[in-house]
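Visitor: I would like a close look at a single part of this structure, taken slowly enough for a first-year student to follow. Could you guide me through it in one connected answer?

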Amino acid sequence: QVQLVESGGGSVQAGGSLRLSCAASGDTYSNSYMAWFRQAPGKGREGVAAIRSDGITCADSVKGRFTISKDNAKNTLYLQMNSLKPEDTAMYYCAADRIAWELMPNYANWGQGTQVTVSS
């Protein structure tokens, strides 16, 4: 089991930036897959970005604005969010698994989430 703890959420104005972090601990492996998801009230959980050793996958809605990265030495996943829009408002979750689910919400391990609120 992998433990995931997100941080870095908050309230910002449209056009602003935030950097989310996800610290992983426990039974982690260098070849595991990780991703960021988000969920707004009344909506389903949607994939934002996923990362693997040889590449990344981003949702069309955030492509060009968000960047996913990973610090293997610190076992930490990041999501740099720039040019934020009100529609980006959601609870953001970190996910991890040994299966490459990409942007599908089937990951075995999830964090508690961190709230991101973007005002117009």
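Guide: Let us begin with Asp88, which lies in the loop between strand 8 (76-81) and strand 9 (90-97), where strands are DSSP runs of E with at least two residues, numbered from the N terminus. This is a predicted model, in which local features need pLDDT of at least 70 and side-chain atom pairs count only at pLDDT 80 or more, while totals for chains, interfaces and linings use all residues. Residues are numbered from 1 along each chain as its sequence is written, and side-chain values use heavy atoms, with hydrogens and water left out.

Asp88 counts as buried because its relative accessibility is 1%, and buried means under 20% relative accessible area, exposed over 50%, and partly exposed in between (1.4 Å probe, protein chains only). The side chain of Asp88 reaches the backbone nitrogen of Lys85 at 2.8 Å. Leaving aside residues up to four places away in sequence, Asp88 touches Arg38, Arg65, Phe66, Ser83, Val116 and Val118, where contact means heavy atoms within 4.5 Å.

Strand 9 (90-97) follows that loop, and we can turn next to a ring and a charge. The charged end of Arg45 sits over the ring of Tyr93, 3.9 Å from its centre, and the charged end of Arg45 also sits over the ring of Trp110, 4.6 Å from its centre; for this, NZ of Lys or CZ of Arg must be within 6 Å of the ring centre and within 35 degrees of the ring normal. Trp110 itself is partly exposed, with a relative accessible area of 24%.

Note on methods: Helix = DSSP H or I, 4+ residues; strand = E, 2+ residues; numbered from the N terminus. Polar contact = N/O pair within 3.5 Å; in protein donor to acceptor, adjacent residues only side chain to side chain.
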